[in-house]
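This briefing concerns a predicted model. It takes up enclosed space, an open pocket and the contact between chains.

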Amino acid sequence: MKAAPFTFHRAESLDHALDLLARHGGDCKPIAGGQSLVPMMAMRLARPSVLVDINRLDALKARHDAPDHVTLGAITRQRDMEADVALRRSVPLIAEALRWVGHVQTRNRGTIGGSLVHADPSAELPLAAAVLDATLVLRSQNGGERRVPASEFFVAPMFTAANEAECLTAVEWPVWAGAGVSCAFEEVAIRHGDFAMASAACQIQLDPDGTCRRATIGLGGVAGTPLAFPDLAQRLIGRRITATLAQEAAEEAAARSEPGTDMHADAGYRRHLAVVLLRRALLRAASAATPALAA
Amino acid sequence: MTAPISVEITVNGTVRRAFVEPRTTLVDFLRDHLALTGTHVGCEHGICGACSVLLDGAPVRACCLFAAQVDGMSVTTVEGLAPARGELSKLQDAFLESHALQCGYCTPGMLIACTDLLARNPQPSEEEIRDAIGGNLCRCTGYQQIVDAVKLASGQEEAAHG
């Protein structure tokens, strides 16, 4: 199908875009990669009457590396993040998640910000943001800048804490300093590149003796938002990540999920996948962090 | 209300200027305004890959961006892959030799995806080939002959399936 008619503006500056958002409210949508928005418009699930093209705004492309976080401009292309060797070192979970995102054609256009504001509960980058508790930087003409942690950003399927006048400008990703940091992202989908039936992600830091110093874990596709489990991750601290411990953590996390049923999988199967995938993610990350201890 | 937008887009090396309705997708612009019907319209929501074109050299889905967004950029369609009129690119020829198409609907998108792959990676493994065409659906070939064609075009296979 074709999108419903709309007025198109090429934003000349961030202020120009924010002015249009302030004036038109919910009828106005920013468009960057458009890999979620354009299909939604083609299916008439979205009918904005005004589109603001923000692709040319350098302010939304800025990259900043600090010791404890990396700031990525909201319209940073997924494909550029994939190829970014420094980013693979500082925030490795992004590249791990991107292995499962769409296809070359969609990643060439798709942006980090677009995926986060679209907030599909099965999408990979929102899960990565939830697991690392990234900070989303929002800006509006009247409200100025507002910083929202991922734990508060994702509210419900396709629904975030951003209000209609706000534009996501940047995402701050925590960098874990020190040795022994490792992460993993696991997923099952009908076809590679499709939305996940269930997904799991973790990042851990192990001490030289193999005990866990720092951990974060989460599940995607099994609730209305991506889920992170800081209290369960806390219980891994000071212990070796054995198969038994990974299984326990995965079972407790999956028990808190609320998966839905659709034509691809029922709730019970999704919960089963959640256990298997989170256990697998934890064990893979643990073995990558300590190759010598893997056996 | 939905005033036409002026665009200047370089398509297969030729600068094309037009006024487009904002909701005109790039693939509709190519087909309906420029009569370049080599690029196919399949699902119109970013699943099938039939509409793939190269945008500033990188493969994208032409159904998932509006022509108005492409102003000032360069597009290569399947019509732009051959070195000259009446000739085929090496990859196109390998598709022919390997029976990599039957109905032909997915072929323009497959050729765009595989042209990009070979430009980035002249000797791709089978896994890399399958990854590169992961965003393109084919309902005829079962994909094997397409993989064969890319191997043939990259000099990795002597004889094609016959």
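How do the residues of the lining of the largest cavity divide into nonpolar, polar and charged? Six are nonpolar, one is polar and three are charged. Residues of chain A and of chain B both appear in that lining, among them A:Lys2 and B:Glu44, and the side chains of these two residues form a salt bridge.

**The cavity**

- One cavity of 30 Å³ or more is found when the whole structure is searched.
- The volume of the largest cavity is about 70 Å³.
- From chain A, the lining of the largest cavity includes A:Met1, A:Lys2, A:Ala3, A:Val38 and A:Ala42.
- From chain B, the lining of the largest cavity includes B:Arg23, B:Thr25, B:Glu44, B:Cys63 and B:Phe66.

**The interface of chain B and chain A**

- Contact between the chains involves 33 residues of chain B and 33 residues of chain A.
- The size of an interface is often given as the accessible area lost when the parts come together.
- About 2,700 Å² is buried between chain B and chain A, and carbon and sulfur atoms give 52% of this area.
- B:Arg23, B:Phe66 and B:Gln69 account for 23% of the area that chain B buries against chain A, more than any other three residues; B:Arg23 and B:Phe66 also belong to the lining of the largest cavity.
- Three salt bridges are found across the interface.
- B:Glu44 and A:Lys2 are joined by a salt bridge between their side chains, with an N to O distance of 2.4 Å.
- Polar contact links 14 residue pairs across the interface, both residues being at pLDDT 80 or more.
- On the side of chain B that touches chain A, at least two residues each come from β1 (5–11), β3 (52–55), β4 (58–61) and α3 of chain B.
- The largest share of that side, four residues, is supplied by β4(B).
- By class, the side of chain B that touches chain A has 18 nonpolar, eight polar and seven charged residues.

**The second largest pocket**

- The second largest pocket has a volume of about 810 Å³ and a lining of 33 residues.
- Nearest the centre of the second largest pocket lie A:Glu82, A:Arg99, A:Arg107, A:His192 and B:Asp131.
- In chain A, the elements that give two or more residues to this lining are α3 (78–82), α4 (85–90), α5 (92–98), α6 (104–109) and β11 (181–188).
- In chain B, the corresponding elements are α3 (107–120) and α4 (126–132).
- The lining of the second largest pocket comprises 13 charged, 11 nonpolar and nine polar residues.

Definitions and conventions
Residues are numbered from 1 along each chain as its sequence is written. Chains are lettered from A and ligands numbered from 1 in the order in which they are written. Side-chain values use heavy atoms; hydrogens and water are left out. On a 1 Å grid over the protein atoms alone, a cavity is a set of points where a 1.4 Å probe fits but cannot get out, and a pocket is an open set with protein on both sides within 12 Å along at least five of seven lines; lining residues have an atom within 4 Å of a point. Grid points are joined across faces, edges and corners, and a volume is the space filled by probe spheres set on the points. Ala, Val, Leu, Ile, Met, Phe, Trp, Tyr, Cys and Pro count as nonpolar, Asp, Glu, Lys and Arg as charged, and the others, Gly among them, as polar. Contact means heavy atoms within 4.5 Å. Buried area is the accessible area (1.4 Å probe) that two parts lose on being put together, summed over both. A salt bridge is a side-chain nitrogen of Lys or Arg within 4 Å of a carboxyl oxygen of Asp or Glu. A polar contact is a pair of N or O atoms within 3.5 Å; within protein, one must be able to donate a hydrogen and the other to accept it, and residues adjacent in sequence count only if both atoms are side-chain atoms.
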